[in-house]
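Student: I am new to this structure, and I would like a close look at one single part of it, with each term explained as it comes up. Please choose a strand and follow it outwards to whatever lies around it.

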Amino acid sequence: MPIRMETGIAACGQVGYHRGNIFKNLRRMRFLMTSQDAVAEIGLIGLGTMGGNLALNIAEHGFQIAVFNRTTEKTDQFMVKAGELADKLVPTKTLEAFVASLKTPRAVILMVSAGDAVDAQIDALRSLLDPQDLIIDAGNANYHDTNRRAAEAAEKGPRFMGIGVSGGEEGARFGPSIMGGGAKDVWGQVGHILEAISAKYEGEPCAAWLGEAGAGHLVKTVHNGIEYADMQMIAEVYGVMRDGFAMSAEEIGKVFEKWNGGILQSYLIEISGKVAGMADPDSGKPMLDIILDRAGQKGTGRWTAIEGLMLGTPASAIEAAVAVRNMSSRLDERKAGEAEFGPAPRKMDREAASVDALEAALVAGKIVCYAQGFGLILEAAKQYGWAMPLPEIARIWRNGCIIRSAMLNDMSSALADNAERNLMLAPFFSAKLKETEASLRQVVAQAALNGLPVPALSAALSYFDIMRTARSTANMLQGQRDFFGAHGFERTDKDGGGFHGPWAMG
Ligand SMILES: NC(=O)c1ccc[n+]([C@@H]2O[C@H](COP(=O)([O-])OP(=O)(O)OC[C@H]3O[C@@H](n4cnc5c(N)ncnc54)[C@H](OP(=O)(O)O)[C@@H]3O)[C@@H](O)[C@H]2O)c1
């Protein structure tokens, strides 16, 4: 039950003779003394990297915000960092004081580590909040957890939303992309705040309600999966330039910089140029030459690949990107492999695949990767019965998030025209694929001939080739399945299924 505002006198009057009651009321008194002004329009728990920056962003947009952090010193440090924004912040040291400082119906953003911490925090808040209050999990939750939490909230209250927030530390501070999930009317309670603090694209907020229950977190997961594939493809063309063309990091940086002025304009191409162009202050060497080639991951790319498999929708470019991160961590095994088999030639004929061809290959790979990502979201929307407006998703990814790019504007238009169609078949993108497909094929073929691994680009090419092949080779799979398991097959010349081959006669 929520603790209600009462006068100090009334609370004093409740102090009884029993020791237990005295302590109970002292606790209550202390709480009441800190709860006289419910001034904050919203509250945030978890003042880590993302939470602290998000709170400052909310304050900067003029909203009074209460904050709470498990470790109290972090709240004190945060208030010092807040500077002039401190006026808009209500720091609290107990959950009770935090809740009491919120206007009703209360809205609480959780920005704590994903997983058990979220459940623990919800449990702690449940007894302090009213059923019509709202808890918003803004961390990188697995959307299955969000589905479960939404179902628990429907049963036990308070109301619940799961939102995906992208853009890292800087996005949180100055404008992230916000992918909202939960009941639509609940978005109405806080949508104006989330839209105000989000990034803007030509004045439009990059924040929207996308669907029920775990929809927002699923979209964030797929965003991150696409991010993995986009980054991996950039790393692959970097590898071709570095090893195949023997270009210096600085030269490669200039290529990315140039590409960023064209169709590939995007945050990831921009930062790749900066990363390639930067020198290490200690050694003077290019940063890229001293960064160890072992990539970390926090799991959202893997979740996307798993979801693709579970939902039965192809996400092969994303799966390849996840697999490469896993392989990158096997440094000793890779060294042993090179010792055993010798290094691949890794030289490429610039006549056979030029820097321009790499740019075109990236364009084709990127279109395929997004076609897979949007296909996955579409399938989830169908299976869960969620709204998931695809053009809206592309629209709110145009700024604030890590995968923001010029191409997303065209994707939003293509999906508005027809959200059910494979993005590759939208006229704008099919024309682009027709222009760039040969380069993708050339780059992948030359890379394979010279031992330069390009798994995400290869996966994209294979997907493209399969999706433009009306008669595939799955007839052989069906024949094999029927041979060993009597699984049955459909025929090209008759309606219906359940046909069997004459295998016993063979
Ligand atoms: N970093 C990014 O670029 C990024 C981008 C998008 C989304 N996210 C997601 O945002 C969420 C927060 O990430 P972050 O980078 O801000 O993490 P962080 O800097 O490590 O901060 C974690 C916060 O969670 C709190 N916390 C951890 N366990 C807790 C528990 N059991 N009970 C209560 N509070 C607990 C910590 O409190 P203490 O100070 O007491 O430890 C701290 O305030 C995660 O879900 C993350 O995946 C991160």
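Strand 7 and its surroundings

Tutor: I163 stands opposite G180 in strand 7, and that residue pair is a good place to begin. This is a predicted model, in which local features need pLDDT of at least 70 and side-chain atom pairs count only at pLDDT 80 or more, whereas totals for chains, interfaces and linings use all residues. Residues are numbered from 1 along each chain as its sequence is written. Helices (H or I, at least four residues) and strands (E, at least two) are DSSP runs, numbered from the N terminus; the protein chain has 22 helices and 10 strands.

Let us start with the partners. Strand 6 and strand 7 pair in the antiparallel sense over six bridges, where pairing requires that DSSP finds at least two bridges between two strands. Strand 7 is also joined to strand 10, by four bridges, and these two strands run parallel; here M179 stands opposite A208 in strand 10.

Next comes the question of cover. Six of the six residues of strand 7 are buried, a term that applies if 20 or more other C-beta atoms lie within 10 Å of a residue's own, while 12 or fewer make it exposed and anything in between partly exposed, with C-beta atoms placed from the backbone. In a regular strand the side chains alternate between the two faces of the sheet. In strand 7 both faces are covered, with S177, M179 and G181 buried on one side and I178, G180 and G182 on the other.

Now we can step back to the domains. An automatic or database domain assignment divides the protein chain into domain 1 (37–213), domain 2 (221–462) and domain 3 (474–499). The C-alpha centres of domain 1 and domain 2 lie 32 Å apart. Their contact takes 22 residues from domain 1 and 18 residues from domain 2, two residues being in contact if their C-beta atoms, placed from the backbone, lie within 7 Å. Strand 7 (177–182) is among the elements that each supply at least two residues of the side of domain 1 that touches domain 2, together with strand 6 (159–166), helix 8 (168–174), strand 8 (200–201) and strand 10 (207–211). The largest share of that side, four residues, comes from strand 10. By class, the side of domain 1 that touches domain 2 has nine nonpolar, 11 polar and two charged residues, with Ala, Val, Leu, Ile, Met, Phe, Trp, Tyr, Cys and Pro counted as nonpolar, Asp, Glu, Lys and Arg as charged, and the others, Gly among them, as polar.

One residue elsewhere in the chain deserves a look of its own. A381 has its place in helix 17 and touches G211, W386 and M388, not counting residues up to four places away in sequence. The C-alpha atoms of A381 and G211 are separated by 8.3 Å, although the two residues are 170 residues apart along the chain. A381 counts as buried because it has 21 C-beta neighbours inside 10 Å.

Finally, helix 8 leads on to the ligand, since helix 3 (49–60), helix 6 (116–126) and helix 8 each supply at least two residues of the shell around the ligand. In total 22 residues surround the ligand, the closest being G48, M50, R70, G139 and N140; a residue is near a molecule if its C-beta atom, placed from the backbone, lies within 6 Å of it.
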